[in-house]
Amino acid sequence: MRASNPAPDLTRIARQIELSYRVDDVRNARESWAAATSDTCFAVLDGAEKFARDVLEPLNFSMDRSGCALVDGRVVTAPGHRTGWVSYVEAGWPTLEAALEYGGQGLPAILAFAAQELFDRACPAFGMLPVPQRSAFRLIDAYGTDAMRGEWLPRLASGEWGATVCVSEVGAGSDLARASTRATPNDDGTWSITGEKCWISYGDHDLTDQIGHAVLAQTIDAEGRKRPSLFLVPARLPDGSRNTVAVRRLEHKLGLHGSPTCALGFEGATGWLLGEPGRGLAQLFVMIANMRLAVGAMGLGIASAAADVALAYAAERKQGGKPDPLPINQHADVRLQLLDALTAPTLLRGLLFAVANANDLAAQGDGDAEALAAWLLPIVKTTGGEVAFDTAGAAIQVLGGAGYTNEWPAEQALRDARVLTIFEGATGIQALDLTHRRLLADDSSYRAFLGVAETCSDDRLKACIAELEKAANWLKANPAKADGGATAFLHLAAVAALSWIAAEYVGSGTDDAVLKVTADHWLDTAASKAAALGARIKAGAALADRFAAL
Ligand SMILES: Cc1cc2nc3c(=O)[nH]c(=O)nc-3n(C[C@H](O)[C@H](O)[C@H](O)COP(=O)(O)OP(=O)(O)OC[C@H]3O[C@@H](n4cnc5c(N)ncnc54)[C@H](O)[C@@H]3O)c2cc1C
């Protein structure tokens, strides 16, 4: 019998929404967003938590055990998955952030991400389908024709239809420009897509009648050059027949067993161009940006559940102490482990909410918010993945031998979390993006972050920001050494970003004990962590050169 996750503290999550970056500006920025009053926010959290507890959590273990199967060329999901999906759609959970005109509830993105945390806390593999669905909605909204918008957006918003992002290939993982899948124009305005995409999440399944694949494929421009372009390739064609998209393999993997990961063969499949030919990579960013933020939310869900499991277990488990055994949460070493395990997800939630709000304001034309979101996106994506894995590992340590068994959810959490720093751009790639594009090529997003951090008066934040500025100036003066320092710089930027959230909580005068204690705990050591990362940034290039001597 598998132990369940303790209930999350919804009051704290609601407080963090109220303390989030410019939340009232978001409420004022669009008529439908004004509906996200604190009462509505709490009602959404409460409903999402109940749904997660009643429907998703019971599925988590069984989906992990059963996995998916490939039967006669089609993917069959784990027993109970389809029933859970139908309940999710009927309850209207996919519709939270979609615009009213497409049947959505028109709420701000912060609520969709807050609900996602609660769903992914219960069953991350289930959550791997709504993420591309919500992200494809944004892509088709931005680059689809009116006809595509009319046909696809209401069905993606409701959850009736699914979606994938099909970019990776055996020879094109981080380096998407090397994609070899090609698209050739047909006489009727459609395109024929040929090639193989790998590791496609929910590439096929039995949960929705239609799947829209957002496929990156090479087209040839007027000068005969290959150009990456984006296509919408439906699994089922308008006449009801199946498109020529074959499931060539179903991967067996470390975690997320309930989420089918497929190699898909596009065998002259019919596709429709999205946006402009040759602009595929740039256009794809609308979808990828939302998916990266969703990785942060998934990491938060896994981490917050793991921290709560550790806290609850440590209050009950008795070891040591004289004459009577003590609950292990009375031992100083365990207390420190618990404090660390609670701190990172608490601050990560604040960071996730900040980016969600900044994105919403950016969509309304707010340039400062857009620049801030651009700086924080690789940070929240990477931090989400790292905090999830580290907190699951910390929970296993607190639970001892019990944590290593599947009677407790932490071992599955550790396995499920491991991929979060790989897909949607591996950590090293996020680091190069932050360092080269967002600092060295054009530092306006970095300056936007410094601008918001400057508004906090906490001296510990100021010391941390001073380390960030020292490191940024050193990289600007030594661009040839930037690759060697990039990952440490991403980690330093993450320490600074979480310190900003912590300083906001301290400055707010909140009486929430967890927010106060975790914020102080983080800020007290932030500058020393930042200084150590600063040293690593400078040493990185020379250290990497050691490898050449092997
Ligand atoms: C469970 C799962 C689900 C997935 N779902 C999808 C999906 O739905 N759609 C999809 O298209 N893809 C999906 N992927 C693929 C995923 O996005 C890729 O695995 C990821 O982008 C990394 O590519 P890669 O695996 O080829 O690694 P590589 O690109 O080979 O990278 C391997 C390592 O080398 C480093 N590296 C690579 N290039 C550089 C460089 N230039 N400089 C410095 N370091 C570098 C990376 O940081 C990484 O650590 C999924 C993968 C998994 C495991």
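Does S457 count as buried or exposed, and at what relative accessibility is that class assigned? In this predicted model, S457 is placed in the loop that runs between α15 (444–454) and α16 (459–477), and S457 counts as exposed because its relative accessibility is 62%, the cut-off for that class being over 50%. The C-alpha atom of S457 is separated by 18 Å from that of L351, a residue 106 positions away along the chain.

The ligand site was examined next. The space that the ligand takes is the largest pocket of the model, and the elements that contribute two or more residues to the shell around the ligand are β3 (162–166), β5 (191–201) and α14 (427–441). In total, 19 residues surround the ligand, with V165, S168, S174, W199 and S201 as the closest of them. Sorted by class, this shell is made up of 11 nonpolar, 6 polar and 2 charged residues.

Polar contacts to nitrogen atoms of the ligand involve both backbone and side-chain atoms of the protein. A polar backbone atom of V165 lies 2.7 Å from a nitrogen atom of the ligand, and a backbone N or O atom of W199 is likewise found at 2.7 Å from a ligand nitrogen. For S168, by contrast, the contact is made through the side chain, in which an N or O atom is 2.7 Å from a nitrogen atom of the ligand. Of the 980 Å² that the ligand exposes when taken alone, the protein buries 62%.

W199 also stands out in its backbone geometry. This residue, which lies in strand β5, has a positive phi of about 60 degrees although it is not a glycine. Most residues other than glycine have a negative phi, and most peptide bonds are trans. A positive phi is likewise found at L256, where the value is near 50 degrees, again in a residue other than glycine. L256 belongs to the loop between β8 (245–250) and β9 (261–274), and because its relative accessibility is 4%, L256 counts as buried, the limit for that class being under 20%. With respect to the peptide bonds, the one that leads from K322 to P323 is cis, with an omega near -5 degrees; P323 itself is placed in the loop between α9 (280–316) and α10 (332–363).

Two helical residues fall into opposite accessibility classes. D416, located in helix α13 (residues 410–417), counts as buried because its relative accessibility is 3%, and the C-alpha atom of D416 is 22 Å from that of M287, with the two positions 129 residues apart in terms of their separation along the chain. A363, in contrast, lies in helix α10 and counts as exposed because its relative accessibility reaches 56%. From A363 to L176 the C-alpha to C-alpha distance is 26 Å, while the two residues are 187 residues apart in sequence.

Conventions
Residues numbered from 1 in each chain as written. Predicted model: local features only at pLDDT ≥ 70, side-chain atom pairs only at ≥ 80, totals over all residues. Heavy atoms only, no water. Near = heavy atom within 4 Å. Polar contact = N/O pair within 3.5 Å; in protein donor to acceptor, adjacent residues only side chain to side chain. Areas by Shrake-Rupley, 256 points an atom, 1.4 Å probe, with all protein chains shown as cover. 1 Å grid on protein atoms, 1.4 Å probe; cavity = no way out; pocket = protein on both sides within 12 Å on 5 of 7 lines; lining within 4 Å. Sits in = over half its atoms within 2 Å of the grid points. Helix = DSSP H or I, 4+ residues; strand = E, 2+ residues; numbered from the N terminus. Nonpolar A, V, L, I, M, F, W, Y, C, P; charged D, E, K, R; others polar. Buried < 20%, exposed > 50% of the residue type's maximum accessible area, 1.4 Å probe, protein only.
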